[in-house]
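Let's take a walk through this one, from an edge of the fold to its middle. Have the sequence and the model side by side.

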Amino acid sequence: QVQLAESGGGLVQAGGSLRLSCAASSSKSFGGFYIMGWYRQAPGKQRELVATITNGGRTNYADSVKGRSTISRDNAKITVYLQMNSLKPEDTGVYYCLARPYGSDNYWGQGTQVTVSS
């Protein structure tokens, strides 16, 4: 019912920047998406929060990315962005887009790989 198209992952050197994008589309009218955001999963670790943003613009960041990352969204385009700066090798992982429509469960993207070399 909800499709999430992620883009922007890749290989970058430590200290570099990446911008992830995730565009949502739906065959059902949910009346909007309450929360959109990003989680990540490093090899051998559990999926963890990176950042989320509500429809009203309230943001939540993991302590590990605070001050280095900025999440934003374009409600008209139903797209969420994650600007990541000063990347570290420990930021390496698969980044998953999250979208939660009003009155519905979470939907997840297929993931985009981010690799930060030292």
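Along E1, a strand (a DSSP run of E, at least two residues, numbered from the N terminus), the side chains alternate. Val2, Leu4 and Glu6 point to one face and are buried, meaning under 20% relative accessible area with a 1.4 Å probe, protein chains only. Gln3, Ala5 and Ser7 point to the other face and are not buried. A word on what you're looking at: this is a predicted model, where local features need pLDDT of at least 70 and side-chain atom pairs count only at pLDDT 80 or more, while totals for chains, interfaces and linings use all residues. Residues are numbered from 1 along each chain as its sequence is written, and side-chain values use heavy atoms, with hydrogens and water left out.

E1 pairs with E3 in the antiparallel sense, over six bridges (pairing takes at least two DSSP bridges between two strands). Ala5, for one, has Ala23 as its bridge partner in E3.

Right beside that, Cys22 also sits in E3, and counts as buried because its relative accessibility is 0%. Beyond its neighbours within four places in sequence, Cys22 is in contact (heavy atoms within 4.5 Å) with residues including Leu4, Trp38, Val80 and Cys97.

Now the middle. The largest nonpolar core, a set of buried Ala, Val, Leu, Ile, Met, Phe, Trp, Tyr and Cys residues joined through side-chain atoms within 4.5 Å, has 28 residues. Leu4, Trp38 and Ile71 are among those with the most contacts inside it. Strands E1, E3 and E4 are among those supplying at least two residues each, and E3 gives the most, with four.

Technical notes: Buried means under 20% relative accessible area, exposed over 50%, partly exposed in between (1.4 Å probe, protein chains only).
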